[in-house]
Amino acid sequence: MTQNPPEPPGEQPAAGSPGVLPLLPTRELVVFPRMVAPVFIGREKSVRAIERAFEDKSAIVLSSQRDGSVDDPTGDDLRKVGTRATVLQLFKLPDGSVKALVEGQERVRIETFEAEQPHFLVRVRPLPSPDRTAVRSRSLARRVAAEFASYVQMNPNLGDELQFVAAQAQDPDELADIVAAHLQVTTDEKQALLETVSTKQRLLLLLESLAEENAVLGLEQEIALKVQRRIEGAQRQIVLHEKLRVIRDEIEEGGEAADDESSEYAARLAEVRLSPAAVKLVERELRKLRQAPPMSPEVGVTRGLLDTVFDLPWGRLAPADVDVGAVARHLDRTHYGLKDVKDRVLEYLAVCRMRAERAGAGGADQPATILCLAGPPGTGKSSVARSIADALGRPFARVALGGVRDEAEIRGHRRTYIGSMPGRIIDGLVRAGVDNPVMLLDELDKLATDWRGDPAAALMEVLDPAHNHAFRDNYLEVEYDLSKVFFIATANDVDGIPHTLYDRLEVIHLSGYSLEEKLAIARRHLLPRVAADSGLRRGDVTFGRGVLRAVVRGYTRESGVRELERALRRIARKVARRHLEDGLGLPLRIETGDLRGYLGEAVWLDAQLGRKGRVGESLALAYTGDGGEVLTVEAAIAKGRGELVLTGQLGEVMQESAAAAWGYLLANVEHDPRLRPLLSRCRHVGRRGLDMASQDVRVHVPEGAVPKDGPSAGLALAVAMLSALGRLPVRPRVAMTGEITLGGRVLRVGGLKEKLLAAKRSGVRTVILPEANRGSIAELPSEVTAQLGFVYVTTFADALPHVFRAGSSQGTGNV
Ligand code: ADP
């Protein structure tokens, strides 16, 4: 129970005179002015003293014992400086002891002990400070206040409100009391602070203590912070590990599919005999597969790679025997004619066989040179290669090279490239499923080179027997052995094959087929196949006399038989459909008149060549990658500045031969007795001779945008020019081929079979050729040369009587 101070009694206290007050000895407690402190009082003497003060409403002096352990102190045991205080509350406890709340008022010095019983009575004198408001004290006070603020802040036992208490101090001495009251220092130190009279001294003492305390607290705080961080760090680790574990568990649950998948791959890894490097690669990728989230793009890349690795043959081989006889029989069965080609293929295979026997089992059998079948499209290059594969019993893989300009198409993209894939060679092996397939490198001459690298160089590596056992595809990354692959290349035009590659090739030329050959191929090979493909039986469709010939003549214009095969397919499909839909009866015989119904209007008409000669036009026989062709060469003389103007996609060599032809004519036309008469009606010949300074000669070779090149049109160019100059019509259906020199000599040319076949297709009757080619004509099969007249010439002048009708010069022409 708390008791409030009673009303002041009318009587003077026993202590009597002012300045005599009861004294409460304290143990380990120093009370400062303005400090409110609870005190527990157990000693009888002390209880009496405080009860007296409380009852008398007088002040009480608190003085600390020099030695707290002394139970019954005498005056000598007490410090001589204490605090005058008032008793705010008094609470009597059942055991007779007292709990009181006291508030310090001022410091006092004990002058005398007036009594010791029943409690201490002392005479005291206030202890004022002489410098409590001095300037020096004020400035010190500010520093003390600042230090105290930090002290409060750092000391966890003190409430933050104490900062404001200090700020409310009226003067430096008051501040000193407040600060001293809250400072957690020893009793002796507190007592020293209480006893020090000078405010400045007190503040200095406080500063010292505060600085010391703050340093200790700062250090403690720092350590605490470090400890906390360490604890937090450790906890963080624990928490993160725990989270990671949970996430892993989640992934593993959702990742069962990935696990299934990776164990499937792992099973394949056990089955397939990969190279050690490939095993490493697979293991690495499997790890990735297990760790990556199932939907991540990386998984797709990894899967793609693993599939490629496992789809590769890795040592799986087809029987490697080379039975030359079997190949010969098979080629004869599947291909008509091509005797030379077949012979050379068989020779090549015989070499392969010999090498294989010498190298022993598993040895490389292909020589350093690669077979290259060269010729116009549709002449059977790919199908001969396929037949070789079939006859050898090896899978066949075609690798198209036409238009390949990026090295990566051969060697693969790095996997960092989006949408990366292995190169075509590795892809070919995957398709073939064995390490020793027949691989057709189709259209070697159509390889291109640009900034994306040199695919030809990459191909060199593929074909080089010194390197191809360790071919490195960028996508696959690990080396793969290509040395057992049997490569065969094809090209339309050998001139287009990169030189480095050409040196590695054993080129076998396939020339175009004559009409008779085409008919034979159609009857024996194309028709049965085409009919079977359309679900027709052998004999369901037959052709009347001359019908196939009409198909070839009217609907195809080619050296090979591709268009012909296509036309026959169209016929077969239509027959099959009409049979099903309209009940068309089988077997069916198709006559020439029916062709329109099956193939539409004929595309090529037999009489393409005019029967009338034209001025300024000649026919040149040309050889292109697509076979032979009859080109019309047009020349015209027009007003100008004496220039030779060429149009119609002429290649450089052809331009040069046009210049040579024109140069020859300008130099000789007036002086050569055989040429000069032809100019009798030429208006460009004045009294002083041929005046070409104000005339241009224009040369044009039509036929669409097909690029034309080569020197063999020289003769035809000169004829067209002379025809234009002299206004002489050229005899119809006379075609020519031959290179011309500035001196007018006509030089040997190539590609005769194709040229003659083209001439026949176009309805040419007479062919003018270099004398030097007489021998090569004699070697051609008779069906190629039949129905053609040949004129062999050594010079340009030799050709004139066969090109122009004697005295046929006329004044009008179409130029
Ligand atoms: P290329 O590869 O030379 O362009 P292909 O091999 O594709 O030509 O031949 C085109 C078609 O003509 C194929 O169906 C092929 O079987 C056929 N063919 C070509 N030449 C012959 C031939 N001499 N005997 C039988 N069929 C042939």
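# Briefing: cavities, ligand site and backbone features

The largest cavity is lined by Thr-26, Leu-29, Val-30, Val-31, Leu-62, Ser-63, Ser-64, Val-81, Gly-82, Thr-83, Gln-191 and Leu-194. The model described here is predicted. It also holds a ligand with 19 residues around it, and a search of the whole structure finds 43 salt bridges. The points below take the cavities first, then the ligand, a salt bridge and the backbone.

**Cavities**

- Rolling a probe the size of a water molecule over the atoms reveals where empty space remains.
- The count of cavities of 30 Å³ or more comes to 3.
- The largest cavity holds about 50 Å³ of space.
- Three elements each supply at least two residues of the lining of the largest cavity: strand E4 (60–64), strand E5 (81–92) and helix H5 (187–195).
- Sorted by class, the lining of the largest cavity consists of 6 nonpolar and 6 polar residues, with no charged residues.

**Ligand site**

- Of the 19 residues around the ligand, those that come nearest are Lys-381, Ser-382, Arg-529, Arg-562 and Glu-565.
- By class, the shell around the ligand is made up of 8 polar, 7 nonpolar and 4 charged residues.
- The backbone of Tyr-336 places a polar atom 2.8 Å from a nitrogen atom of the ligand.
- An oxygen atom of the ligand lies 2.8 Å from a backbone N or O atom of Ser-383.
- Tyr-513 has a polar side-chain atom 2.9 Å from a nitrogen atom of the ligand.
- On its own the ligand has 550 Å² of accessible area, and the protein covers 91% of that area.
- Helix H12 (381–392), helix H17 (515–533) and helix H19 (562–582) are the elements that give two or more residues to the shell around the ligand.

**A salt bridge within a helix**

- One pair of side chains that meet in a salt bridge is that of Glu-407 and Arg-411, with 2.9 Å from N to O.
- This pair counts as a salt bridge because the side-chain nitrogen of Arg lies 2.9 Å from the oxygen of Glu, which is within 4 Å.
- Both Glu-407 and Arg-411 lie in helix H13 (residues 407–411), where they are 4 residues apart, about one turn of the helix.

**Backbone features**

- Most peptide bonds are trans, and most residues other than glycine have a negative phi.
- Gln-117 and Pro-118 are joined by a cis peptide bond, with omega about -10°.
- The loop between strand E6 (98–115) and strand E7 (120–126) contains Pro-118.
- A cis peptide bond also runs from Leu-586 to Pro-587, where omega is near -5°.
- Pro-587 is found in the loop between H19 and strand E16 (588–590); H19 is one of the helices that give two or more residues to the shell around the ligand.
- Trp-314, a residue other than glycine, has a positive phi, near 45°.
- Trp-314 is placed in the loop between helix H9 (297–311) and helix H10 (324–334).

Technical notes
Residues are numbered from 1 along each chain as its sequence is written. This is a predicted model: local features need pLDDT of at least 70, side-chain atom pairs count only at pLDDT 80 or more; totals for chains, interfaces and linings use all residues. Side-chain values use heavy atoms; hydrogens and water are left out. A residue is near a molecule or strand if one of its heavy atoms lies within 4 Å of it. A polar contact is a pair of N or O atoms within 3.5 Å; within protein, one must be able to donate a hydrogen and the other to accept it, and residues adjacent in sequence count only if both atoms are side-chain atoms. Accessible areas come from the Shrake-Rupley method with a 1.4 Å probe; for residues, only the protein chains shown count as cover. Ala, Val, Leu, Ile, Met, Phe, Trp, Tyr, Cys and Pro count as nonpolar, Asp, Glu, Lys and Arg as charged, and the others, Gly among them, as polar. On a 1 Å grid over the protein atoms alone, a cavity is a set of points where a 1.4 Å probe fits but cannot get out, and a pocket is an open set with protein on both sides within 12 Å along at least five of seven lines; lining residues have an atom within 4 Å of a point. Grid points are joined across faces, edges and corners, and a volume is the space filled by probe spheres set on the points.
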